[in-house]
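Pull up the model and turn it around for a moment. We'll start with one helix and work outwards from there.

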Amino acid sequence: MVLSAKTEKMLNDISKAMMDEGSVTPVGMACMAFVGANVAYRVSRTLKRDAHGGTFTDFFTGSFNLLSNKESVLSRDKVKDSIDGYENLFDGARKETGKIHSDDSIKKREKEYKTMVDSFYNLVTDFYEWGWGQSFHFAPRVKGETFIESIKRCEYYLALRAGMGPKTKAIDVGCGVGGPMRNIQQFTGSDITGVTINEYQVKVGNEYCQQKGIGEKCRLVQGDFQKLDEIFEPDTYDVAFAIEATCHSPDRVKCFSGVNKSLKKGGIFVGYDWVVLPEGGFDKNNKRHLEIKEGIEVGNGLPTLATSADVVKALEDSGFEVLEHFDANKSVHSPSQIPWYDTLNGSYTIKGFRMTRLGRICTHILVNTLEFLWIAPKGTVKVSALLNATALDLVEGGKDEIFTPSYFFMARKK
Ligand SMILES: C[S@@+](CC[C@H](N)C(=O)[O-])C[C@H]1O[C@@H](n2cnc3c(N)ncnc32)[C@H](O)[C@@H]1O
């Protein structure tokens, strides 16, 4: 279903009015009735994982699966503590601009990075898969390309630039549930080991590798990418790639040095990193820019966002020769492109609905209802609100071109 721009605008206006005037309550009641009728049936079902994209396919069934998932490694009674602990690391965020930009605040998160990132992904992994898919990253998108095509093109581009093929042994640094590594494995035939700090992602990802019949050549292991030398033998791998993961690193030089050590001499490291763009006008003394930056940090488990120059310097300081680097979204507003952040705005299609303003209201009501009925664990509403708020910051950062999630780099081990 694709609606005309006029109808889409009308739905957005209605949903905005519902939010602004608090008339969400009657709609909420209607939803509650619907939910109540379905809960008993749905909750008794266990989540069926589907590597081919069907785990959370439609809005309502997917939402129930998401919010009553019993497979999570985080026990239900720990969700609230976990989100409270996470929010504590960002004390003052969204209340006082600049508060989480202080040295103390950043240092606290750098010190606690493991707890911060692990808690964050325990809380959001299913939300990400439900709203986005198995590849947890953005992608430059040209007109005429579907969302999934753009995601895969962005992954295949890394494989192409790194020269991956059936004989390549590669590492995926910060692999999520392994969506990109499975796509790249199927595209190139390479042998790929992904590392993520999060136990739940390893469990889900390895199940998907088995379901796809590529478990022999593609696997996830749990580990800290700040200590890659404890996981991988030195001088062993041909290629490493990192997609929107090293932005979580409290010290890129430590992370990249571990990547460097595990690569053979001449081995290639490629990736996309999240950065703010002083070259695009980002100014840390501009209050609005700082609000956007801090909103992105608190909503995505980041110690603090780096600049592109920081990333390049960290690669050089880690023993790499940097061969190329650029913002893969540099043409984001050219007539031939669909901006990378467009999907966060949603669309009135079956898949895009959940990201629209109205879709977000529905999700919010559903999450509230399920938490109220003790089906979703306490704390889920806060997680959902955190992700909704940061989506808006990402869109603002993208519109102003002061932030990119796709700063491409290619480096060679000296
Ligand atoms: C935004 S996700 C991207 C995942 C994946 N690259 C993708 O595109 O689907 C970031 C990933 O980095 C991982 N990560 C963050 N900090 C980590 C650390 N210190 N050690 C290992 N993995 C880490 C997270 O667990 C998560 O899997």
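Which residues are buried in H9? Keep in mind that this is a predicted model. The buried ones are Tyr200, Gln201, Val202, Val204, Gly205, Tyr208 and Cys209. If you're looking for a pattern in a list like that, remember that an α-helix has 3.6 residues a turn, so residues three or four places apart point the same way.

So what sits over those buried residues? The cover includes two helices, H6 (113–131) and H8 (179–188), along with strands S3 (191–196) and S4 (218–222).

You can also check H9 with a ruler. The helix takes in residues 199–211, and its 13 residues should span 18 Å at 1.5 Å a residue; the end C-alpha atoms are 19 Å apart, so the two values agree. Just after H9 comes Gly213, whose phi is positive, at about 75 degrees.

Now for the ligand. There are 22 residues around the ligand, and Phe136, Gly174, Gly176, Ala245 and His248 are the closest. Some of the neighbours of H9 turn up again here: H6, H8 and S3 are the elements that each give two or more residues to this shell. As for its chemistry, the shell splits into 10 nonpolar residues, 10 polar ones and two charged ones.

Finally, zoom out to the whole chain. The secondary structure adds up to 15 helices and 10 strands, and 45% of the 414 residues count as buried. Take the contacts between residues at least 6 apart in sequence: 77% of them join residues at least 24 apart.

Definitions and conventions: Residues are numbered from 1 along each chain as its sequence is written. This is a predicted model: local features need pLDDT of at least 70, side-chain atom pairs count only at pLDDT 80 or more; totals for chains, interfaces and linings use all residues. Helices (H or I, at least four residues) and strands (E, at least two) are DSSP runs, numbered from the N terminus. The expected span of a helix is 1.5 Å times one less than its number of residues. A residue is buried if 20 or more other C-beta atoms lie within 10 Å of its own, exposed if 12 or fewer, and partly exposed in between; C-beta atoms are placed from the backbone. Two residues are in contact if their C-beta atoms, placed from the backbone, lie within 7 Å. A residue is near a molecule or strand if its C-beta atom, placed from the backbone, lies within 6 Å of it. Ala, Val, Leu, Ile, Met, Phe, Trp, Tyr, Cys and Pro count as nonpolar, Asp, Glu, Lys and Arg as charged, and the others, Gly among them, as polar.
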